[in-house]
Amino acid sequence: MIEKLSENVMDKVSIDFLRDQVLKNAYGNDDTPIAKLDPRVLLLWYLFFGLVPWFVSDVVVLLGMFLFTAATTRLARVAPLVLFVFALGVFSQTGYMFIVSLFFGGNLSTLIPLLVLTLKVATISLASITVFSGLDPDKLSNGLLWFGCPERLSFSIGFAYRILPILMEELQNILLSYRLRGRAPAHDTLGGKVRWLIYQVKTIVQSFYPLMLNTAKRSRTTVEALELKGYRYAATNMKVLKIKLSSLHAGRREALFAVVSVLWIALCFAAPRILEVLS
Amino acid sequence: MSSIAERGATQSQKLMVFVLSMSLYGLATLISELIPSIQIGIVELSVEFFLFIPLTLAMLFDPLSAALGAATGELVFSEIMLGQFGGLGELEKFLTVTIGVYIAGLMVRNPKSVKQVAIAAITGPAIQLAMSAVVDIVKVQVAVDDFEAVAGLPESVFATEGFAFLNDLCFSGILFCLLPTLFLVPRLYGKIEPLLGCKPRTADNDAVPALSGHVIGWSVVGFIVAIVVACVSKAGMSIIEWEAEWAESQTAIFVGIAVAAVIALVAGFWARRSAQLKNA
């Protein structure tokens, strides 16, 4: 099993693959219908879909909301890796709990409350995937800034996407140089495999030592460059904000999106009544 | 002026620590989010615990900046970038990570003392894990309506959470927090500080506030906020139910009024903000 594991870890998670997926997710799909929308409208939309499902416990309404967010996620053309992480996350939040509760004498009736919980979690996560993965980072941070979020948060988002590929490459280089210089223990026997795993983990921990020093230098350069541009004062100055946010525009497309959302939600809430009347 | 700069960290140095901690911990959480966790029997050896990075930085630099940077990094890199942003739920994680790392950083007065570093490096994660276990239990109790009525659910939640806490603390806590921190702090001490242009922390020039009742008070407040945030759904539910009971026939009207109020608030905020930016 350990062999399968280490194969898993080492093969699937090549750092190049990760970097490609993350970058593709961030910058690869800015021509989707979702990415073209105004970030402010999308954030308000998210505020609804991120909060309201928690208050609803009707399965039909939740199912409707879930279908809608699934459709928007499809429209946003999110990278497969993100969807995989989403599925894993939903399962680890609620799926395993069902299995464990079976051991404690639960039965299928346990499934209904857990289904409600799963639908809630899934709807909220899909809404966030739509908004935060569908938008490109500059638009997202501008939208957050418009709502008066701390400048540090929107700076962090913009900075993260730019620094991440560099940091990943650097970590990979350090790991490779450790691998070149060191000698991995033979992993034919079980003891050897354990030692091999320990060796890998140790290498990762040790490679953070040079990485920390390098990143320290880099963050000093970044901050000094920001200070030269008057970052800390510009962040709170309304005139600067006005120039920065002048690209935001909400028009007909946004109105259409909002109307469709509202109609669908109204339909979801009305569905039980309609069914009652019909039957 | 110079004495201030020498003793404590300046604003720009704090920003540097923030950026450093954010990018490093963000990278680590992003990677760990994607690596499947390792199962040996029923013991889960999750690699998700790269907490040694912010712990080390909090012990060497200004603890608050390092703690906030780590929490922001996790939020931005592994939640927002991967689209895993859970809304209010993330606030709870943000607060517990910040409190755990900040307290660990404050506990170390002298980074050269192995004993202090070791105690802080295990206490920080313990605090963080305990808080998130409590929040998880409360969250499930709140989210599932008839929690007590569902057969086997309460016991299973307590069992899984309690077991996860002990398991995380014993395995991840020691392997990924205690040992790496003990390895990194003495090596980085005196080397990394000049890169950010500040003096190493010593026992006597310490400008970092001591671990006082004040800090503990704020941490407790933060923890309570985290629980309240987790419970907000239940509270919201009962308010709505209460309204419905109070005026059964007028429910529709009240819902209408609430929706109208929310729309008016949003529109008002939108107009105000636009005007603010226009007049700037």
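**Questions on a predicted two-chain model**

Reader: With 18 C-beta neighbours inside 10 Å, how does B:Asp136 count in terms of exposure?
Author: In this predicted model, B:Asp136 has 18 C-beta neighbours inside 10 Å. A residue needs 20 or more to be buried and 12 or fewer to be exposed, so this residue in helix H6 (residues 114-143) of chain B counts as partly exposed.

Reader: How far from B:Asp136 in space is B:Ile227, C-alpha to C-alpha?
Author: The two residues are 91 residues apart in sequence. In chain B, residues 24 or more positions apart account for 77% of the contacts with a separation of 6 or more. For B:Asp136 and B:Ile227, the distance from C-alpha to C-alpha is 9.0 Å.

Reader: What share of the residues of chain B count as buried?
Author: Chain B comes to 10 helices and two strands, and along the sequence these follow the pattern α-α-β-β-α-α-α-α-α-α-α-α. Of its 280 residues, the share that count as buried is 40%.

Reader: In chain A, is H4(A) roughly parallel or roughly perpendicular to H8(A)?
Author: The axes of helix H4 (residues 39-55) and helix H8 (residues 137-146) of chain A come within 8 Å and cross at roughly 75°. Angles of 65 to 115 degrees fall in one class, and H4(A) is therefore, with respect to H8(A), roughly perpendicular.

Reader: Which residues in H8(A) are met by A:Pro39, A:Arg40 and A:Leu43 in H4(A)?
Author: The residues of this contact between H4(A) and H8(A) divide into four nonpolar, two polar and two charged. On the H4(A) side are A:Pro39, A:Arg40 and A:Leu43, and the residues they meet in H8(A) are A:Lys139, A:Leu140, A:Asn142, A:Gly143 and A:Trp146.

Reader: How far apart are the end C-alpha atoms of H4(A), given its 17 residues?
Author: The buried residues of H4(A) include A:Pro39, A:Trp45, A:Phe49 and A:Trp54. At 1.5 Å a residue, the 17 residues of this helix should span 24 Å. The distance between its end C-alpha atoms agrees with that expectation, at 25 Å.

Reader: Which helix gives the most to the side of domain 1 of chain A that touches domain 2 of chain A?
Author: Chain A is divided into domain 1 (1-30 + 136-236) and domain 2 (31-135), and 12 residues of domain 1 are in contact with 14 residues of domain 2. On the domain 1 side, helix H2 (15-27) and H8 of chain A each supply at least two residues, and the residues of that side divide into three nonpolar, five polar and four charged. With five residues, the helix that gives the most is H8(A).

Methods. Residues numbered from 1 in each chain as written. Chains lettered and ligands numbered in written order. Predicted model: local features only at pLDDT ≥ 70, side-chain atom pairs only at ≥ 80, totals over all residues. Axes fitted to C-alpha atoms, helices over the stretch in contact; angles between N-to-C directions. Helix = DSSP H or I, 4+ residues; strand = E, 2+ residues; numbered from the N terminus. Parallel < 35°, antiparallel > 145°, perpendicular 65-115°, else oblique. Contact = placed C-beta atoms within 7 Å. Nonpolar A, V, L, I, M, F, W, Y, C, P; charged D, E, K, R; others polar. Expected span 1.5 Å × (residues − 1). Domains from an automatic or database assignment.
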